[in-house]
Amino acid sequence: MGPIHFVESPAIEGENVSYVVQSDSLSKRYGKVLAVDDLSFKIEAGTITGFLGPNGAGKSTTLRMLLGLAKPSSGHATIFGIPYDQLETPALRVGAVLEATDFHPGRSGRDHLRMLSRAVGLPDARVDEVLSLVELHDAAKRRVKGYSLGMRQRLGLAAALLGNPDLLVLDEPANGLDPEGVRWLRDFLRDFALGGRTVLVSSHVLAEVAQTVDQVLIINRGRLVTESTLDDLTARVGGAVRVRSPQLDQLDDALRREGIVTSRSNDHALLAQGTTRERVGDIAFAAGAAIYELATEGSSLEEIFLDLTSVEATP
Amino acid sequence: MNQLRAELLKIRSTRTSIGLLLGLIALALLFTILTCTLSAQAQIVGEQNQISLLSFGSIAGVFAALAGIMLFTSEYRFGTIRPTVLFNPNRSSLFVSKIVAGALSGIVFGIIGEGLVFSLGVAILKARGIPIAMTGANMTELIVGAILGTALWGAIGVGLGSIVPNQVGAVIALLAWGFVAENLVFGFLPKVGRFLPVHASDAMMGPIQPQLLAGNVATVVVVAWTLVLAGAGVIMLRRRDVS
């Protein structure tokens with residue numbers, strides 16, 4: 001799939017806005033269940049934010065409240081400084097895809113986009129532009145029921161892009177995409193954000209968005225668990241290095257002398273916290289310890305995500 | 001206006017409406033041809049008989065109501081309600097556009113339904129040598145009443161679809177009401193039943209059966225039903241979360 005180009009969006013005028021998205025003590029109660037619990041966060045322009053949490057954490061409910069589809073039980077949310085449904089023609093400022101399957105199966109992809117563009121007074125020419133943008137032009141006149149999941153995802157994205165928005169909100173956009181599709185989406189979001197535009201993308205898999213996002217909001221059981229840049233989150237994980245050596249005690253002492261925290265794994269390997277493979281290798285060489293294995297613990301970012309989201313909600 | 005154009009495109013861009021229209025045409029043709037050719041002469045002479053016979057176009061109201069129901073329920077069923085509301089968060093304006101679109105498609109159903117029944121019915125009667133006993137006023141009331149009534153049924157369908165977003169539920173509710181409940185009430189308590197929407201909209205076409213309301217009163221009654229259902233529908237749309 002080819003490259004995607006976006007026209008740089010004009011600066012936001014009018015409102016005196018510092019944050020693109022702002023959630024103030026947002027809560028949503030369904031009967032006895034508190035789906036979203038006092039959730040506050042802010043998103044700045046030009047960032048790609050990953051909105052993360054396990055299934056059922058309240059991500060979709062939060063996005064629906066941000067976009068005026070669901071009413072908060074308390075608290076409030078603003079987009080560009082005002083509630084979504086009070087923006088003048090919000091589809092020209094915000095593009096959103098909440099479900100990958102929001103199409104009438106008997107309607108063509110092009111007609112789906114035409115009916116939405118008519119609602120905001122956009123010409124059919126814009127429909128053809130976004131169809132080209134998501135590379136669906138050839139399938140545009142076919143009924144959606146014949147589309148693959150990847151094509152549906154892209155049609156949803158096309159609908160969100162109709163109004164040439166400054167903010168894109170995507171709920172689990174990578175669900176069901178093949179690796180090529182995930183890569184296409186990643187490049188797409190990167191290009192979109194290049195011109196100072198903002199992306200809020202939810203996922204229940206950190207790895208899916210880790211290569212795309214600048215910062216993460218992690219929620220669990222409706223509450224904010226972590227709000228940080230991806231770099232900070234990575235630093236917190238600290239890159240544990242796993243090393244095996246026949247001179248394990250000798251190496252352990254050498255590492256500790258350098259102030260590195262170590263621990264032993266079950267299979268007699270050494271785990272060095274908060275350091276790099278290069279450093280461990282150098283220390284081992286200086287200590288005269290042979291190295292049989294030296295590796296970064298691969299899923300450490302994923303592990304901290306699991307740690308954060310498996311904690312019981314604090315009272 | 002933009003939203004109305006969007007709603008009319010929604011109606012035209014799937015096969016649902018054309019399917020309903022074909023169903024209406026088939027039923028109107030079948031009924032008119034069978035009754036007008038097979039009925040004994042005694043049953044189809046005279047003003048009253050002919051008005052009753054040619055009022056079958058009122059069946060277009062059922063089809064218009066079904067089309068109106070689809071305007072909301074298919075959005076909920078297929079999830080298009082989400083982009084629809086995102087593109088137009090003013091739910092009252094969205095609702096009004098759907099009501100108008102439902103009424104406009106009702107007018108099309110009414111013209112085709114009653115137009116077929118009336119023109120074909122009169123042609124068959126003439127071919128059988130049966131004199132047309134209806135006055136011009138009868139004919140006007142029959143045709144205008146059918147078209148107006150069908151338009152209102154299109155709007156009623158939209159209101160019902162917003163109140164009962166489940167497609168199967170809304171269709172069953174309409175059919176159970178129109179073909180069972182209301183006939184039971186009218187059968188036992190005609191003085192009450194004639195105020196109910198199906199019988200009142202029948203009365204808009206003239207004295208097609210005894211005990212119905214007068215045409216102008218009936219029109220007011222059906223408009224009132226439409227407003228009640230539309231009012232409930234818009235309240236539900238404004239209050240309900242789009243999940």
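Trainee: What radius of gyration does chain B have, and what would a compact globule with 243 residues have?

Mentor: Chain B comes out at 19 Å, which agrees with the value near 18 Å for a compact globule of 243 residues. The radius is taken over C-alpha atoms, and the globule rule is 2.2 Å times the number of residues to the power 0.38. Keep in mind that this is a predicted model: local features need pLDDT of at least 70, side-chain atom pairs count only at pLDDT 80 or more, and totals for chains, interfaces and linings use all residues. Residues are numbered from 1 along each chain as its sequence is written, while chains are lettered from A and ligands numbered from 1 in the order in which they are written.

Trainee: OK, and how many helices and strands does chain B have?

Mentor: 12 helices and 0 strands. Those are DSSP runs, numbered from the N terminus: H or I of at least four residues for helices, E of at least two for strands.

Trainee: Switching topic, how many residues of chain B are in contact with chain A?

Mentor: 23 residues of chain B, against 29 of chain A. Contact means C-beta atoms, placed from the backbone, within 7 Å.

Trainee: Which elements of chain B give two or more residues to that side?

Mentor: Helices H1 (2-12), H5 (60-78) and H6 (81-87) of chain B. H1(B) gives the most, with 6 residues.

Trainee: Back to chain B itself: what percentage of its residues count as buried?

Mentor: 49% of the 243. Buried means 20 or more other C-beta atoms within 10 Å of the residue's own, with C-beta atoms placed from the backbone.

How values were computed
Contact = placed C-beta atoms within 7 Å. Buried ≥ 20, exposed ≤ 12 C-beta atoms within 10 Å, placed from the backbone.
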